Amino acid sequence: MTDDGAWDDVNWDLDFESFEWMVHLAACFNRHLPSNVPWTVWPDWPHDMLGFVVDDQRAGWLSALRLVHTHPNIAVEGNSITVTDSRGTARELEDVTVSSRWWHVDVGIDWDVPLDVVAALDATYGPSPSHAFIPGHLQQVCLGIEDDAASYGLGLSAVLQAMLDGMALFGKATDFHAARCRSCRETTYSEGLRGQGFVSSQEVTFECFSCSWETVTN
Ligand SMILES: [Zn+2]
(Lines give C-alpha, C1' and ligand atoms only; values in the text may rest on other atoms or scores of the structure.)
Protein backbone atom coordinates (compact mmCIF):
# COMPACT_ATOMS: atom_id res chain seq x y z
CA MET A 1 0.00 0.00 0.00
CA THR A 2 1.36 3.38 -0.91
CA ASP A 3 0.98 6.57 1.01
CA ASP A 4 -1.51 8.99 -0.55
CA GLY A 5 0.78 11.78 0.55
CA ALA A 6 3.73 10.52 -1.48
CA TRP A 7 3.68 13.63 -3.65
CA ASP A 8 3.41 16.12 -0.77
CA ASP A 9 7.14 16.45 -0.18
CA VAL A 10 8.31 16.23 -3.77
CA ASN A 11 10.92 18.84 -4.69
CA TRP A 12 9.93 19.84 -8.23
CA ASP A 13 13.10 21.90 -8.65
CA LEU A 14 15.26 18.83 -9.12
CA ASP A 15 16.38 17.65 -12.56
CA PHE A 16 13.99 14.83 -13.49
CA GLU A 17 16.72 13.03 -15.43
CA SER A 18 19.20 13.01 -12.55
CA PHE A 19 20.08 10.23 -10.16
CA GLU A 20 19.32 12.66 -7.35
CA TRP A 21 15.71 12.84 -8.57
CA MET A 22 15.43 9.06 -8.66
CA VAL A 23 16.66 8.84 -5.04
CA HIS A 24 14.37 11.66 -3.96
CA LEU A 25 11.24 10.31 -5.64
CA ALA A 26 11.83 6.80 -4.26
CA ALA A 27 12.22 8.32 -0.79
CA CYS A 28 8.90 10.16 -1.15
CA PHE A 29 7.11 6.98 -2.25
CA ASN A 30 8.52 4.93 0.61
CA ARG A 31 8.23 7.53 3.35
CA HIS A 32 5.32 5.67 4.98
CA LEU A 33 7.61 2.73 5.78
CA PRO A 34 9.42 2.40 9.13
CA SER A 35 13.02 3.60 8.79
CA ASN A 36 14.50 0.15 9.42
CA VAL A 37 12.78 -1.82 6.65
CA PRO A 38 13.65 -2.12 2.94
CA TRP A 39 11.86 0.10 0.49
CA THR A 40 9.22 -1.73 -1.55
CA VAL A 41 7.47 0.89 -3.68
CA TRP A 42 8.74 1.79 -7.14
CA PRO A 43 7.85 5.44 -7.83
CA ASP A 44 4.77 5.99 -9.98
CA TRP A 45 6.49 8.25 -12.48
CA PRO A 46 5.56 8.27 -16.17
CA HIS A 47 9.02 8.93 -17.49
CA ASP A 48 12.00 6.65 -17.56
CA MET A 49 14.07 8.86 -15.29
CA LEU A 50 17.66 7.73 -15.86
CA GLY A 51 16.62 4.75 -17.88
CA PHE A 52 14.18 1.89 -17.74
CA VAL A 53 14.51 -0.61 -14.93
CA VAL A 54 12.74 -3.93 -15.50
CA ASP A 55 10.41 -5.19 -12.77
CA ASP A 56 12.63 -7.89 -11.32
CA GLN A 57 15.59 -5.50 -10.98
CA ARG A 58 13.67 -2.81 -9.12
CA ALA A 59 14.11 -4.30 -5.64
CA GLY A 60 17.89 -4.14 -6.06
CA TRP A 61 17.69 -0.52 -7.17
CA LEU A 62 15.36 0.42 -4.30
CA SER A 63 17.94 -1.04 -1.94
CA ALA A 64 20.69 1.12 -3.48
CA LEU A 65 18.49 4.23 -3.53
CA ARG A 66 17.62 3.70 0.14
CA LEU A 67 21.30 3.32 1.03
CA VAL A 68 22.15 6.58 -0.76
CA HIS A 69 19.21 8.40 0.85
CA THR A 70 19.66 7.21 4.42
CA HIS A 71 23.40 6.78 5.00
CA PRO A 72 24.90 9.83 6.78
CA ASN A 73 28.21 9.46 4.88
CA ILE A 74 26.67 9.28 1.41
CA ALA A 75 25.50 12.38 -0.47
CA VAL A 76 23.96 12.73 -3.92
CA GLU A 77 23.91 15.79 -6.14
CA GLY A 78 22.81 15.59 -9.75
CA ASN A 79 24.39 12.44 -11.12
CA SER A 80 27.25 12.32 -8.60
CA ILE A 81 27.42 10.32 -5.39
CA THR A 82 29.99 11.30 -2.75
CA VAL A 83 30.99 8.74 -0.12
CA THR A 84 33.09 9.57 2.94
CA ASP A 85 34.86 6.60 4.50
CA SER A 86 35.64 5.97 8.17
CA ARG A 87 39.02 7.75 7.82
CA GLY A 88 37.31 10.86 6.51
CA THR A 89 38.36 10.42 2.88
CA ALA A 90 35.68 11.53 0.41
CA ARG A 91 35.45 9.78 -2.95
CA GLU A 92 33.09 10.50 -5.81
CA LEU A 93 31.20 8.38 -8.31
CA GLU A 94 30.30 10.48 -11.33
CA ASP A 95 27.77 9.99 -14.12
CA VAL A 96 25.71 7.49 -12.13
CA THR A 97 23.07 5.79 -14.27
CA VAL A 98 20.94 2.66 -14.02
CA SER A 99 22.88 0.97 -16.82
CA SER A 100 26.33 1.06 -15.15
CA ARG A 101 27.61 -2.34 -14.13
CA TRP A 102 31.28 -1.57 -13.40
CA TRP A 103 32.67 1.42 -11.55
CA HIS A 104 36.18 2.86 -11.34
CA VAL A 105 36.95 4.18 -7.88
CA ASP A 106 40.04 6.24 -7.01
CA VAL A 107 41.77 4.83 -3.96
CA GLY A 108 42.90 8.39 -3.23
CA ILE A 109 46.47 7.73 -2.11
CA ASP A 110 49.56 8.55 -4.14
CA TRP A 111 51.97 5.63 -3.80
CA ASP A 112 52.56 5.58 0.01
CA VAL A 113 49.86 3.86 2.04
CA PRO A 114 49.27 5.47 5.50
CA LEU A 115 50.91 3.47 8.30
CA ASP A 116 47.66 2.74 10.16
CA VAL A 117 46.21 1.28 6.94
CA VAL A 118 49.35 -0.84 6.41
CA ALA A 119 48.97 -2.20 9.95
CA ALA A 120 45.30 -3.02 9.36
CA LEU A 121 46.09 -4.76 6.04
CA ASP A 122 48.92 -6.74 7.67
CA ALA A 123 46.51 -7.83 10.41
CA THR A 124 43.86 -8.90 7.91
CA TYR A 125 45.95 -10.58 5.20
CA GLY A 126 49.27 -11.27 6.93
CA PRO A 127 52.31 -9.01 6.49
CA SER A 128 53.24 -8.14 2.90
CA PRO A 129 55.57 -5.49 1.46
CA SER A 130 52.81 -4.81 -1.08
CA HIS A 131 50.78 -3.13 1.69
CA ALA A 132 53.20 -0.20 1.86
CA PHE A 133 52.54 1.33 -1.55
CA ILE A 134 50.16 1.34 -4.50
CA PRO A 135 51.64 1.30 -8.03
CA GLY A 136 50.20 3.88 -10.41
CA HIS A 137 48.05 1.52 -12.44
CA LEU A 138 46.33 0.19 -9.28
CA GLN A 139 45.45 3.60 -7.81
CA GLN A 140 42.02 3.17 -9.33
CA VAL A 141 40.15 -0.05 -8.60
CA CYS A 142 37.35 -1.53 -10.68
CA LEU A 143 34.31 -2.73 -8.74
CA GLY A 144 30.93 -3.98 -9.83
CA ILE A 145 28.67 -6.96 -10.13
CA GLU A 146 29.76 -10.22 -11.75
CA ASP A 147 26.27 -11.58 -12.35
CA ASP A 148 24.84 -9.95 -15.47
CA ALA A 149 21.33 -11.16 -14.60
CA ALA A 150 21.31 -9.50 -11.17
CA SER A 151 20.12 -5.96 -10.57
CA TYR A 152 22.90 -3.47 -11.23
CA GLY A 153 21.52 -1.66 -8.19
CA LEU A 154 22.98 -4.44 -6.05
CA GLY A 155 26.31 -3.80 -7.77
CA LEU A 156 26.09 -0.11 -6.92
CA SER A 157 25.27 -0.98 -3.29
CA ALA A 158 28.36 -3.21 -3.10
CA VAL A 159 30.53 -0.43 -4.56
CA LEU A 160 29.13 2.10 -2.06
CA GLN A 161 29.77 -0.33 0.82
CA ALA A 162 33.39 -0.75 -0.32
CA MET A 163 33.74 3.04 -0.49
CA LEU A 164 32.27 3.44 3.02
CA ASP A 165 34.70 0.83 4.29
CA GLY A 166 37.73 2.41 2.56
CA MET A 167 39.84 -0.51 3.77
CA ALA A 168 38.19 -2.72 1.15
CA LEU A 169 39.60 -0.40 -1.53
CA PHE A 170 43.09 -0.52 -0.01
CA GLY A 171 42.79 -4.30 0.23
CA LYS A 172 42.09 -4.57 -3.49
CA ALA A 173 44.68 -1.97 -4.55
CA THR A 174 47.48 -3.63 -2.54
CA ASP A 175 46.74 -7.13 -3.80
CA PHE A 176 49.68 -7.30 -6.17
CA HIS A 177 53.15 -8.77 -6.36
CA ALA A 178 56.38 -7.45 -7.77
CA ALA A 179 58.43 -9.51 -10.18
CA ARG A 180 61.69 -8.84 -11.98
CA CYS A 181 62.41 -10.11 -15.45
CA ARG A 182 65.45 -12.37 -15.33
CA SER A 183 66.58 -11.16 -18.74
CA CYS A 184 66.00 -7.38 -18.91
CA ARG A 185 65.78 -6.84 -15.09
CA GLU A 186 62.65 -4.68 -15.39
CA THR A 187 60.34 -4.84 -12.35
CA THR A 188 56.59 -5.00 -12.85
CA TYR A 189 53.70 -5.04 -10.41
CA SER A 190 51.04 -7.55 -11.32
CA GLU A 191 47.56 -7.83 -9.83
CA GLY A 192 46.73 -10.70 -7.54
CA LEU A 193 48.82 -13.33 -5.80
CA ARG A 194 48.74 -11.51 -2.46
CA GLY A 195 51.95 -12.17 -0.58
CA GLN A 196 53.14 -14.92 -2.87
CA GLY A 197 56.93 -14.92 -2.89
CA PHE A 198 57.03 -11.17 -2.47
CA VAL A 199 59.46 -10.82 0.44
CA SER A 200 62.25 -8.26 0.42
CA SER A 201 65.00 -10.89 0.79
CA GLN A 202 63.77 -13.04 -2.05
CA GLU A 203 62.95 -11.64 -5.46
CA VAL A 204 60.28 -13.10 -7.70
CA THR A 205 61.69 -13.60 -11.16
CA PHE A 206 59.94 -14.27 -14.42
CA GLU A 207 60.45 -13.78 -18.12
CA CYS A 208 58.62 -10.66 -19.31
CA PHE A 209 56.52 -10.70 -22.44
CA SER A 210 58.95 -8.86 -24.72
CA CYS A 211 61.95 -10.93 -23.58
CA SER A 212 60.12 -14.24 -23.97
CA TRP A 213 58.91 -13.07 -27.39
CA GLU A 214 62.53 -12.41 -28.41
CA THR A 215 63.48 -15.89 -27.24
CA VAL A 216 60.77 -17.41 -29.40
CA THR A 217 61.61 -15.43 -32.51
CA ASN A 218 65.42 -15.68 -32.31
ZN1 LIG B 1 62.35 -8.76 -19.88
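Reader: In the open sheet of three strands with the order S1-S2-S3, which sense of pairing should I read?

Author: Strands are DSSP runs of E with at least two residues, helices are runs of H or I with at least four residues, and both are numbered from the N terminus; two strands count as paired if DSSP finds at least two bridges between them. Here the three strands, in the order S1-S2-S3, form an open sheet with antiparallel pairing. Strand S1 (74-77) and strand S3 (90-93) stand at the edges and have a single partner strand each, so one side of each is left without a neighbour in the sheet. On average, neighbouring strands of this sheet are turned by 20 degrees against each other, direction ignored, with the axes being lines fitted to C-alpha atoms, for helices over the stretch in contact, and angles in general running from 0 to 180 degrees between N-to-C directions.

Reader: What kind of model is this, and how are its residues numbered?

Author: This is a predicted model, in which local features need pLDDT of at least 70 and side-chain atom pairs count only at pLDDT 80 or more, whereas totals for chains, interfaces and linings use all residues. Residues are numbered from 1 along each chain as its sequence is written.

Reader: How many bridges join strand S2 to S3, and which residue stands opposite Ala-90?

Author: Strand S2 (residues 80-84) runs antiparallel to S3 and is joined to S3 by four bridges; Thr-84 is the residue that stands opposite Ala-90 in S3.

Reader: Into which domains is the protein divided?

Author: The bounds come from an automatic or database domain assignment, and they give domain 1 (6-112 + 140-172) and domain 2 (176-217). The centres of domain 1 and domain 2, taken over C-alpha atoms, are separated by 39 Å.

Reader: Which strands pair with strand S8, and in which sense?

Author: Strand S8 (residues 176-181) is joined to strand S9 (residues 187-191) by five bridges, and these two run antiparallel, whereas S8 and strand S10 (residues 205-206) pair in the parallel sense over two bridges. Between S8 and S9, Phe-176 has Glu-191 as its bridge partner and His-177 stands opposite Ser-190, while Cys-181 has Phe-206 in S10 as its bridge partner. S8 and S9 form a hairpin with five residues between them, and Arg-185 in the turn has a positive phi of about 70 degrees. The result is an open sheet of three strands in the order S9-S8-S10, with mixed pairing. S9 and S10 stand at its edges with a single partner strand each, so one side of each is left without a neighbour in the sheet.

Reader: How many helices and strands does the protein have, and is the protein compact or spread out?

Author: Its secondary structure comes to six helices and ten strands. The radius of gyration is 22 Å, well over the 17 Å that the globule rule gives for 218 residues, so the protein is more spread out than a compact globule; this radius is taken over C-alpha atoms, and the rule is 2.2 Å times the number of residues to the power 0.38. Along its principal axes the C-alpha trace spans about 75 × 40 × 25 Å.

Reader: Which residues of helix H1 are buried, and what covers them?

Author: A residue is buried if 20 or more other C-beta atoms, placed from the backbone, lie within 10 Å of its own, exposed if 12 or fewer do, and partly exposed in between. By this count Phe-19, Trp-21, Met-22, Val-23, Leu-25, Ala-26 and Phe-29 are buried in H1, and what covers them includes H2 and S1. Leu-25 is buried because 22 other C-beta atoms lie within 10 Å. Leaving aside neighbours within four places in sequence, Leu-25 is in contact with Val-10, Pro-43 and Trp-45, where contact means that the C-beta atoms of two residues, placed from the backbone, lie within 7 Å.

Reader: How should I read helix H2, and which of its residues are buried?

Author: An α-helix has 3.6 residues a turn, so residues three or four places apart point the same way. The buried residues of H2 are Trp-61, Leu-62, Ala-64, Leu-65, Arg-66 and Val-68, and they pack against helix H1 (19-29), S1, S2 and helix H4 (152-165).

Reader: Which face of strand S4 is covered?

Author: In strand S4 (residues 102-106) the covered face holds Trp-103 and Val-105, whereas Trp-102, His-104 and Asp-106 make up the uncovered one. S4 pairs with strand S7 (residues 140-144) in the antiparallel sense over five bridges, and His-104 has Cys-142 in S7 as its bridge partner.
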